[in-house]
Amino acid sequence: MQTAEARPDRARALPCAPGAHLRPAAASTLSPSWLQAQPAPTEVAAVFDQAIYLRRGQEVLPLLAPEALMLPGALRVITRADLDALRVRVGEGVLVGGGEVRTPRGGLVVRRVWRPQPVPTAPLPESARQAARAGLAGLAPLEDALAGRLAELAAVLAAGPDLEAARGLVGLGPGLTPAGDDVLCGLLLGLRASGRDRERSLLEAAMLPLLGRTTAISATLLHQAAQGYAVPPVVALLRAWHRGAGVSALTLAGRLVAGIGHTSGPALVLGLTAALAAPQSRPARHTSAPGTGPVTRTTPARTTPARPQPEPVLVAGATRGTS
């Protein structure tokens with residue numbers, strides 16, 4: 001998932017200027033905790049025209065211009081000029097903590113907090129499931145050499161937790177967010193949005209030990225997908241599933257998802273489609289010998305209705321709390 005052309009030139013760590021001019025920014029409630037912790041060195045992992053990615057350990061903090069695709073854990077600036085003023089390069093060291101990002105030439109300070117909205121989670125009626133599948137039909141035109149392998153592994157994982165299939169997908173493909181990880185994100189979000197939380201939890205448990213195989217940026221997005229957070233076009237599509245939208249409207253929303261990045265969108269659609277095709281709840285286990293006890297029952301679907309979600313908001317007073 002890239003927002004523009006990368007500038008991959010590397011630079012060594014430089015000291016940070018304590019008196020640098022700080023520009024206001026808005027932090028997500030999902031931003032890494034070290035943004036507000038004691039200031040410490042952090043590495044510039046990637047630089048694009050509309051985004052800068054900072055990494056500490058296996059967590060990534062995206063710094064995003066307003067026109068960038070809004071990732072769930074991002075620190076948002078007011079204008080692209082705020083990013084340009086940082087003038088950082090890949091591999092350079094910056095100081096992050098106390099609600100600030102400091103570079104030798106400038107910096108950002110958190111003045112507001114924004115709260116990303118999770119995808120809905122509730123069982124989908126069969127009619128809604130069929131409409132959702134029809135709306136995604138033909139929107140995953142992955143045509144590279146990985147397409148067949150991705151579809152095969154997605155189908156295996158949709159049928160149930162499979163460590164080998166998860167191992168095959170995590171980190172599969174080139175780039176900051178490999179296509180295999182995007183398929184997994186789609187699966188996790190699709191299972192959650194269709195009320196299949198047991199299957200989602202099993203998939204998450206199989207996937208988490210393997211995240212060291214992929215990039216830190218992708219691992220961060222997979223963690224957030226497991227919690228039900230995604231970029232706005234995906235959230236809008238999954239809300240449309242629950243509104244009972246028609247196939248035409250679902251196709252329009254699906255095209256916005258399929259258009260994300262170079263391969264991320266089609267891979268996300270592939271994962272969402274696999275989640276919709278996943279088998280329904282399995283029969284419960286017998287508690288007594290056949291014919292002598294209660295009849296085996298199918299695990300009932302949860303009937304908790306989807307709660308209406310408010311639109312994303314900006315909340316003032318980042319350093320004083322998030323609500």
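**Exercise 1. Asp197 and helix H6**

Decide whether Asp197 counts as buried, exposed or partly exposed, given a relative accessibility of 23%.

Solution. Step 1: buried means under 20% relative accessible area, and exposed means over 50%. Step 2: the 23% of Asp197 lies in between, so this residue counts as partly exposed. This value, like the others below, comes from a predicted model. Step 3: place the residue. Asp197 belongs to helix H6. In space, its C-alpha is 8.2 Å from that of Thr121, although 76 residues separate the two in sequence.

**Exercise 2. The buried side of H6**

List the buried residues of H6 and work out how they are arranged around the helix.

Solution. Step 1: helix H6 covers residues 197–207, and its buried residues are Glu199, Arg200, Leu203, Glu204, Ala206 and Met207. Step 2: viewed along the helix axis, these residues fall within an arc of 165 degrees, so they line one face of H6. Step 3: find what that face meets. The partners are helix H3 (147–159), helix H4 (163–169), H5 and helix H7 (216–226).

**Exercise 3. Helix H2**

Repeat the analysis for helix H2, and say which helices its buried residues pack against.

Solution. Step 1: within residues 126–136, the buried ones are Ala128, Arg129, Ala131, Ala132, Gly135 and Leu136. Step 2: the arc they occupy, seen down the axis of H2, is 165 degrees, so the buried residues line one face. Step 3: they pack against helix H8 (232–243), helix H9 (247–258) and helix H10 (264–277). Step 4: look at what follows the helix. Gly138, just after H2, has a positive phi of about 80 degrees.

**Exercise 4. The nonpolar cores**

Find the residues with the most contacts inside the largest nonpolar core, and the helix that gives the most to it.

Solution. Step 1: the largest core contains 73 residues, and Val234, Leu237, Leu238 and Trp241 have the most contacts inside it. Step 2: helix H5 (residues 179–193) gives the most to this core, namely nine residues. Step 3: take Leu238 as a case. With neighbours within four places in sequence set aside, Leu238 is in contact with Val119, Pro120, Leu189, Ala193 and Leu272. Step 4: another core of 22 residues lies apart from the one just described, and includes Ala27, Leu61, Leu86 and Val96.

**Exercise 5. Strands around S4**

State the sense in which S4 pairs with S3 and with S5.

Solution. Step 1: S4 spans residues 59–64 and has five of its six residues buried, so by the under 20% criterion the strand is mostly covered. Step 2: strand S3 (residues 51–56) pairs with S4 in the antiparallel sense, over six bridges. One pair of bridge partners is Arg56 and Glu59 of S4. Step 3: two residues lie between S3 and S4, which form a hairpin, and Gly57 in the turn has a positive phi of about 60 degrees. Step 4: with strand S5 (residues 75–77), S4 pairs in the parallel sense over two bridges. Here Leu63 has Leu75 in S5 as its bridge partner.

**Exercise 6. Strand S1**

Work out how far S1 is enclosed, and how many bridges join this strand to S8 and to S5.

Solution. Step 1: S1 has seven residues (22–28), of which five are buried, so the strand is largely enclosed by the rest of the structure. Step 2: S1 and strand S8 (residues 107–114) run parallel and are joined by seven bridges. In this pairing, Leu108 of S8 stands opposite Arg23. Step 3: the pairing of S1 with S5 is antiparallel and has three bridges. There, Val77 of S5 stands opposite Ala25.

**Exercise 7. Aromatic rings**

Classify the one aromatic pair in the whole structure as stacked, tilted or edge-to-face.

Solution. Step 1: the pair is formed by Phe48 and Tyr53, with ring centres 5.8 Å apart. Step 2: their planes stand at 90 degrees, so the pair is edge-to-face. Step 3: Phe48 and Tyr53 are both buried. Step 4: another ring has a charge over it. Arg76 lies over the face of Trp114, 4.9 Å from the ring centre.

**Exercise 8. An unusual phi**

Describe where Arg87 is found and whether it is buried or exposed.

Solution. Step 1: Arg87 is in the loop between helix H1 (80–84) and strand S6 (93–97). Step 2: its relative accessible area is 54%, which makes Arg87 exposed. Step 3: Arg87 is not a glycine, yet has a positive phi of about 50 degrees.

Technical notes:
Residues numbered from 1 in each chain as written. Predicted model: local features only at pLDDT ≥ 70, side-chain atom pairs only at ≥ 80, totals over all residues. Heavy atoms only, no water. Phe/Tyr/Trp six-rings, centres within 6.5 Å; stacked < 30°, edge-to-face > 60°. Buried < 20%, exposed > 50% of the residue type's maximum accessible area, 1.4 Å probe, protein only. Lys NZ or Arg CZ within 6 Å of the ring centre and 35° of its normal. Core = buried A, V, L, I, M, F, W, Y, C linked by side-chain atoms within 4.5 Å. Helix = DSSP H or I, 4+ residues; strand = E, 2+ residues; numbered from the N terminus. Contact = heavy atoms within 4.5 Å. Arc of directions from axis to C-beta. Pairing = 2+ DSSP bridges.
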